[in-house]
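Got your viewer open? Load the model, get comfortable with the selection tool, and we'll go from stop to stop.

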Amino acid sequence: MKLPKIQLIDDVLSLLYPQVCAACGTLLYRNEEIVCLSCRVLLPKTGFEKDENNPISRIFWGRIPFNSASACFFFSKKGKIQHLIHELKYKKNIDAGLFLGNETAKELSQSSLYQGIDFIVPVPLHPKKIQKRGYNQSEIIGKGMTELLGCKLNSTNLNRAVASTTQTKKSRFARWENVKDIFVLNRPEEFAGKHILLIDDVITTGSTIEACGRVLLQAPGIKVSVAAAACAVS
Ligand SMILES: [Zn+2]
């Protein structure tokens, strides 16, 4: 319960700076935070994380031996997840990313495939991009996942070595050529025998995830699982 005076200050502030839902842009009610109740209920879940044979894990079959791979929400044009990711990447809305991480972790924590994780490792962003944006969006999502999954975030062991040009308009092969040598594992022994959860915001062709996975698998006895918050496949 807030004191009447503090509540009044809150109300005046919300008139001056109205809080809007990070997933749909509508005004939030006094009892809502970051994302409105309606969006919370209607987030487009994939359910992929409970199924070993899902469209995301199939991307990697015959390419790289991941323990499991999935994405928890559908990304669609003008949809709630696109809105949340846009807020995180371009509007400095850290809370939107933490929320998305937390929701992703809720789904993963209910799956037997994602138990016993030691470290969450975000796909590294190039330092120049971090400088421009101020943070790595996948790392923020990862931070939002640690509490529910009961593990630590590790963003210092896997690093990006050189700049890659933008991925968007390239074929799968060109994308692979672009990313295959750009990641390095600084201390393989730190991940030896551990179960690592490699995470990304949105998964598309899987080339970046595959390149990271190849480098992580250099650690002896490592188990690598993959989870993205979102995917565009249906
Ligand atoms: Zn909403």
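Select Asn136 to begin: it counts as buried because its relative accessibility is 6%, where buried means under 20% relative accessible area, exposed over 50%, and partly exposed in between (1.4 Å probe, protein chains only). You'll find Asn136 in the loop between α6 (127-133) and α7. Helices (H or I, at least four residues) and strands (E, at least two) are DSSP runs, numbered from the N terminus.

A quick word on what you're looking at. This is a predicted model, where local features need pLDDT of at least 70, side-chain atom pairs count only at pLDDT 80 or more, and totals for chains, interfaces and linings use all residues. Residues are numbered from 1 along each chain as its sequence is written, and side-chain values use heavy atoms, with hydrogens and water left out.

**Around Asn136**

Which residues does Asn136 touch, not counting those up to four places away in sequence? Show Pro122, Val123, Pro124, Leu125 and Ile130; a contact here means heavy atoms within 4.5 Å.

Now hop to one of those neighbours, Pro124. Pro124 sits in the loop between β2 and α6, and it counts as buried because its relative accessibility is 7%. Leaving out residues up to four places away in sequence, Pro124 touches Asn136, Leu158, Asn159, Arg160, Phe183 and Cys212. Try a distance label too: the C-alpha atoms of Pro124 and Ser155 are separated by 7.4 Å, though these residues are 31 apart along the chain.

**Zoom out**

Switch to cartoon view and colour by secondary structure. The chain has nine helices and seven strands. Of its 234 residues, 47% are buried. Take the contacts between residues at least 6 apart in sequence: 75% of them join residues at least 24 apart.

**The sheet**

Next, pick out the open sheet of five strands, whose order is β1-β7-β6-β2-β3, with parallel pairing. Its edge strands are β1 (69-74) and β3 (152-153), each pairing on one side only. Strands of a sheet pair through backbone hydrogen bonds, either parallel or antiparallel. Two strands count as paired if DSSP finds at least two bridges between them.

Walk across the sheet like this:

- Start at β1, which pairs with β7 in the parallel sense over five bridges. Click Ser70 and look for its bridge partner in β7, Ala227. Five of the six residues of β1 are buried.
- Move on to β7 and β6, a parallel pair with eight bridges. Ile203 has Cys231 as its bridge partner in β7.
- Stop at β6: nine of its nine residues are buried, so β6 is largely enclosed by the rest of the structure.
- From β6, step to β2; four bridges join these parallel strands. The bridge partner of Phe119 in β6 is Ile196.
- Finish with β2 (residues 119-122) and β3, which run parallel and are joined by two bridges. Phe119 turns up again here, with Lys152 as its bridge partner in β3.

Now add the helices that pack on the sheet. Select α4 (residues 80-90), which touches β1, β6 (195-203) and β7 (223-231), its direction making about 100° with that of β6. Then select α7 (residues 137-149), which touches β2, β3, β6 and β7, its direction making about 130° with that of β6. Axes are lines fitted to C-alpha atoms, for helices over the stretch in contact, and angles run from 0 to 180 degrees between N-to-C directions.

**A helix pair**

Keep α4 on screen and add α5 (residues 94-109): the two pack at an angle of about 135°, with their axes 7 Å apart. That makes α4 oblique to α5, since angles under 35 degrees count as roughly parallel, over 145 as roughly antiparallel, 65 to 115 as roughly perpendicular and the rest as oblique. Show the side chains where they meet: among them are Ile81 and Leu84 in α4, and Phe99 and Leu100 in α5.

**Last stop: cysteines**

Select α9 (residues 207-216), where nine of the 10 residues are buried. Cys212 is among them, and it counts as buried because its relative accessibility is 0%. Cys72 is buried as well, with a relative accessible area of 0%.

How many disulfides are there? A disulfide is a pair of cysteine sulfur atoms within 2.5 Å, and by this rule the count comes to zero. Label Cys72 and Cys231 to see why: the closest cysteine sulfur to that of Cys72 is in Cys231, 9.0 Å away, too far for a bond.
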